[in-house]
Amino acid sequence: MESTLLSSPRFISTKSRESCGIVRQFQSSFSGSLIANTQFTRRTNVYTNHRISTNITSLFSLGKKKAKAIKRETIVPEPDYRIPIVFLGLAGGLVYQDNLIAAAPVGLLGLLLLFQTTRVRFVFDDEALEVKVGKELEESGENVFVGGKNRWKYSSFINWELWWPNFPILVYFKEAQTKPEGQVHFFPVIFNGKQLYDIMVERAGPSKTSGPK
């Protein structure tokens, strides 16, 4: 054991040593004879400690970068044509009863919703809900009613509701991004109601409304 201790400095890299001349004598605890006059060095492994510290810091930084790189999946609820079909069917019934005055606005509303269902999409990305249009999901531009971009961060949502759970036809939400006091929005549910509800709960928090069945 003593021989091992005495020879151990040979295996320490001189690059990481800081030497000071301290000469010590070691005697065997077994025979009392002089083992060696060995010049030991008091080592302060600054270089090695610095490298270890740098490596640990690098690993933590890499872990943080990987954590930041993880993003939630972008979800686009599927279109749902039930509401436009209901309005067009109602318009057809009114025409059958020769009630053309009532059939005209109902039929036009049904056609408008049918057109919007084919092109308007709710896009839920990592940080915000955005209204986009077309198969290529292009930006919808400025909101013609309240101004500002049709994109609202989930953190700005004050509350939201889906009416009605059994047959959702309207989604309402209030956000503080457009106006500090809150801005209300209404959209017809021309998307899959169950998918819309689930993603709204996940990204914007729970609602008082129970989920669609």
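Begin by selecting helix 3 in this predicted model, and within that helix pick out Ile83, Pro84, Ala91 and Leu94, which are buried. Viewed down the axis of helix 3, the buried residues fall within an arc of 100°, so they line one face of the helix. A general point helps in reading such a view: an α-helix has 3.6 residues a turn, so residues three or four places apart point the same way. Turn next to the other side of helix 3, where Ile85 and Tyr96 are exposed. Helix 3 itself has 15 residues, and the span from its first C-alpha to its last is 21 Å, close to the 21 Å expected at 1.5 Å a residue.

Stay in helix 3, which covers residues 82-96, and select Val86. Val86 has a relative accessible area of 47% and is counted as partly exposed because that value lies between the 20% limit for buried residues and the 50% limit for exposed ones. From Val86, extend the selection to Trp163, Trp164, Phe167, Ile169, Val184 and Phe186; together with Val86, these residues form a nonpolar patch on the surface, with about 640 Å² of accessible area in total.

The aromatic side chains come next. The structure holds 12 aromatic pairs, and one of them to display is that of Phe122 and Phe124, an edge-to-face arrangement with 6.3 Å centre to centre and 75° between the planes. Both Phe122 and Phe124 are buried. Now widen the selection to Trp152, Tyr154, Phe157, Phe173, Phe187 and Phe191, which ring pairs link with Phe122 and Phe124 into a cluster.

Keep Phe157 from that cluster on display and add Gln177, which sits in the loop between strand 8 (170-175) and strand 9 (183-188). Although Gln177 and Phe157 are 20 residues apart along the chain, their C-alpha atoms are separated by 8.1 Å. Is Gln177 buried or partly exposed? With a relative accessible area of 39%, Gln177 is partly exposed.

Finally, zoom out to the whole protein and colour by secondary structure, which comes to 5 helices and 9 strands. Following the sequence, the elements appear in the pattern α-β-β-α-α-α-β-β-β-β-β-β-β-α. If the view is then recoloured by accessibility, 30% of the 213 residues of the protein count as buried, among them Phe122 and Phe124 as well as Ile83, Pro84, Ala91 and Leu94 of helix 3.

Notes
Residues are numbered from 1 along each chain as its sequence is written. This is a predicted model: local features need pLDDT of at least 70, side-chain atom pairs count only at pLDDT 80 or more; totals for chains, interfaces and linings use all residues. Side-chain values use heavy atoms; hydrogens and water are left out. Rings of Phe, Tyr and Trp (its six-membered ring) pair if their centres lie within 6.5 Å; planes under 30 degrees apart count as stacked, over 60 as edge-to-face and the rest as tilted. Buried means under 20% relative accessible area, exposed over 50%, partly exposed in between (1.4 Å probe, protein chains only). Patches are made of residues with over 30% relative accessible area and no salt bridge: like charges are joined within 9 Å, nonpolar side chains (Val, Leu, Ile, Met, Phe, Trp, Tyr) within 5 Å. Accessible areas come from the Shrake-Rupley method with a 1.4 Å probe; for residues, only the protein chains shown count as cover. A salt bridge is a side-chain nitrogen of Lys or Arg within 4 Å of a carboxyl oxygen of Asp or Glu. Helices (H or I, at least four residues) and strands (E, at least two) are DSSP runs, numbered from the N terminus. The expected span of a helix is 1.5 Å times one less than its number of residues. The arc is that of the directions from the helix axis to the C-beta atoms.
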